[in-house]
Amino acid sequence: MVRAPLVNFRRFQISAPWPLLWTVTALFLLFRLAVAVVRLGVFVVRHWRAWPAVALVLLAVNVYRAHGWWLHLLAAVVLAAVGGSWWWRGRDSFHRHVVLRAVSLWRRLWVYRRQWHEVMSLCGLVKKYDGGEVVPTLLSVRCSYATDELVLRMPKGQNPEVWHKAARDLAYSFGTRHCRVFSTRRHPVPHRSGRLAWLLRLVDRVRFRDRPRHVWLVFIRRDPLTRIVAPLPVPARPDFTALPLGLREDLAVYCFRLLATHVLIGGATRMGKGSVIWSLLRSLAAGIRSGLVRVWAIDPKGGMELAIGRPLFSRYVDDDWSRMADLLEDAVARMRARQQILRGKARVHTPTVDEPLIVVVIDEIAALLAYLPDSEIRTRITQALGLLLSQGAGLGVLVVAATQDPRKEVVSVRDLFPTRIALGLTERGHVDLLLGDGARERGALADQIPLSGKGVAYVLLDGQPEPARVRFSYVADDVIRDMAATFPAPPETQPEPAVQSAPRARTSTGSGRHTTYRPTPKQGAPLLPPSLLNALDLNSTNGSDPR
Ligand SMILES: Nc1ncnc2c1ncn2[C@@H]1O[C@H](COP(=O)(O)OP(=O)(O)OP(=O)(O)O)[C@@H](O)[C@H]1O
């Protein structure tokens with residue numbers, strides 16, 4: 001074959017460089033092939049979970065070619081028999097390893113992967129870059145009976161706040177009502193022990209390393225918190241780092257950490273503040289009976305809430321404001337005594353029967369701080385509470401208080417409670433007041449808890465900035481009576497504290513002004529925090545008002 005020249009003028013000819021063109025084309029095709037092979041390799045490695053399924057399908061095809069369909073029927077019968085006996089012997093493990101994995105796979109492919117690009121685009125979570133789109137990467141889907149937990153990688157240029165804002169859109173787009181967004185891993189790193197623990201710990205360090213670009217979405221398919229949670233069994237010995245109080249949205253038991261912290265429970269009237277208190281007391285009941293825990297209770301509502309469990313309390317007041325102030329001042333004195341014993345030896349008190357954990361339970365703290373008519377007693381109470389809240393946690397004197405109104409004007413010492421629980425609230429603004437700024441935006445919709453959701457609350461779980469929804473167990477009156485009869489507190493044997501209790505505020509006769517007790521470094525007592533001093537000043541001023 002005669003090749004035609006590339007350029008053919010009458011007097012000027014250039015022949016085409018065919019060998020060069022063929023070489024370039026071949027190199028280009030080889031390069032594309034290599035890229036495709038690498039991509040296929042990455043795909044196969046990334047989807048390693050699908051290997052057994054692919055192998056099984058290939059095997060099934062081969063078996064069918066060689067022996068026909070009856071071997072398949074036999075395999076199906078054997079599988080059904082094995083599955084059935086597994087289900088019979090251990091339903092939990094069968095559900096965990098077979099049913100939930102199948103559901104996860106199905107929902108991953110059918111619900112999430114199929115609609116992923118569309119939903120991400122419509123919810124405004126796709127980024128545009130260099131003329132193309134960057135879509136968040138779906139990494140895994142894990143289902144429980146009530147929830148779907150998705151792990152995804154955000155595109156560059158996003159942070160978890162964007163996902164918090166889009167949470168409701170995401171929930172409705174994927175056909176659920178609630179979606180919670182978490183910016184940190186939801187399950188703790190497993191504790192390793194045994195010979196190979198060092199190796200497993202090394203692996204865990206890589207596996208559970210901090211991944212700031214990962215976001216965890218939890219879609220609530222079925223609300224498990226619509227049902228009342230029955231009282232949980234009383235632990236034989238209370239573990240103050242994990243007291244079982246109720247149920248979480250993912251059906252795990254909600255464990256509460258009552259270690260060196262004070263607790264403020266906020267909730268509108270009849271939303272179940274009592275059930276939080278009784279669930280807590282139930283989890284402490286064995287410790288109450290052994291004397292490891294002493295509960296001092298104040299019920300300003302005349303005993304309407306707490307009187308029913310009277311035998312559980314080492315000290316109890318419900319009728320006399322002055323005795324309530326005495327009780328709190330005695331708690332301060334006990335705290336001071338411990339301060340002297342522990343000074344220079346330990347930074348945190350460890351409860352023992354001789355030096356028990358003292359839990360001061362106050363059913364309606366607003367009645368003591370804002371609505372109490374006697375300003376002198378109110379000042380004493382505010383002062384004692386301020387001291388307990390600012391210094392008592394590490395010394396094993398804790399305060400657990402409930403309030404209907406979390407505003408600062410009503411609960412002046414609110415900021416001194418490190419742990420907060422938000423039950424159903426009447427106002428949107430109360431959510432952030434209780435759980436901290438931005439809590440509502442991060443998913444704590446406590447103002448949207450329906451009236452039927454008594455005992456449902458938003459709480460902050462250990463180490464997670466996003467609030468979680470839980471339901472506290474409902475401890476009915478009969479159960480409380482039974483509990484009080486079974487776990488009564490032993491009589492108080494503790495001698496009166498060696499350290500003098502805080503001087504009580506006095507009204508100087510004549511002028512009508514109240515003297516606020518302010519401990520000075522000279523008296524050996526740490527100063528009150530400024531926020532509390534302001535509150536005390538406010539009380540003193542109100543108290544001196546002749547009207
Ligand atoms: N965890 C719960 N689960 C189901 N129902 C509950 C729960 N807690 C409380 N209830 C129901 O709600 C009613 C009110 O509960 P509770 O007295 O604890 O509310 P409260 O917030 O303490 O009320 P108040 O503001 O009057 O002190 C109870 O009588 C009970 O019927």
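Leaving out residues up to four places away in sequence, Gly267 touches Gly272, Lys273, Gln404, Leu423, Gly424 and Leu425. Two residues are in contact if their C-beta atoms, placed from the backbone, lie within 7 Å. This is a predicted model, in which local features need pLDDT of at least 70 and side-chain atom pairs count only at pLDDT 80 or more, while totals for chains, interfaces and linings use all residues. Residues are numbered from 1 along each chain as its sequence is written.

**The ligand and the annotated site**

Gly267 sits in the loop between β11 and α8. Helices (H or I, at least four residues) and strands (E, at least two) are DSSP runs, numbered from the N terminus. Gly267 counts as buried because 29 C-beta neighbours lie inside 10 Å. A residue is buried if 20 or more other C-beta atoms lie within 10 Å of its own, exposed if 12 or fewer, and partly exposed in between, with C-beta atoms placed from the backbone.

Met271 also has its place in the loop between β11 and α8, and it is buried, with 25 other C-beta atoms within 10 Å. Beyond its neighbours within four places in sequence, Met271 is in contact with Leu423, Gly424 and Lys454.

Both residues fall under the UniProt annotation "binding site", from an unreviewed entry, which covers Gly267, Ala268, Thr269, Arg270, Met271, Gly272, Lys273 and Gly274. UniProt positions are given in the numbering used here, feature names are shortened, and annotations may be inferred rather than shown by experiment.

The ligand is surrounded by 15 residues, and the closest are Gly272, Gly274, Ser275, Gly455 and Tyr474. A residue is near a molecule if its C-beta atom, placed from the backbone, lies within 6 Å of it. Helix α8 (residues 273-290) gives the largest share of this shell, three residues.

**The cores**

The largest nonpolar core has 94 residues, and Val295, Leu328, Ala331, Val360, Leu388 and Ala422 have the most contacts inside it. Such a core is a set of buried Ala, Val, Leu, Ile, Met, Phe, Trp, Tyr and Cys residues joined through C-beta atoms within 7 Å. Apart from it lies another core, of 20 residues, among them Met154, Phe182, Leu217 and Phe219. In soluble globular proteins, nonpolar side chains tend to be buried together.

**Three loop residues**

| Residue | Loop | C-beta neighbours inside 10 Å | Class |
|---|---|---|---|
| Asp130 | between β3 (127-129) and β4 (132-134) | 6 | exposed |
| Ala260 | between β10 (253-256) and β11 (263-266) | 16 | partly exposed |
| Leu372 | between α10 (365-369) and α11 (375-391) | 20 | buried |

Asp130 has a positive phi of about 55° although it is not a glycine. Ala260, likewise not a glycine, has a positive phi near 50°. Most residues other than glycine have a negative phi.

**Confidence**

The chain averages a pLDDT of 85, and 87% of the residues score at least 70. pLDDT is the predictor's confidence in each residue, from 0 to 100. Over residues 496-533 pLDDT stays under 50, and the model has 61 contacts beyond four places in sequence for them. Residues 535-547 also stay under 50. Where pLDDT is low, the predicted coordinates should not be read in detail. For the complex, the predictor gives an ipTM of 0.96 and a pTM of 0.72.
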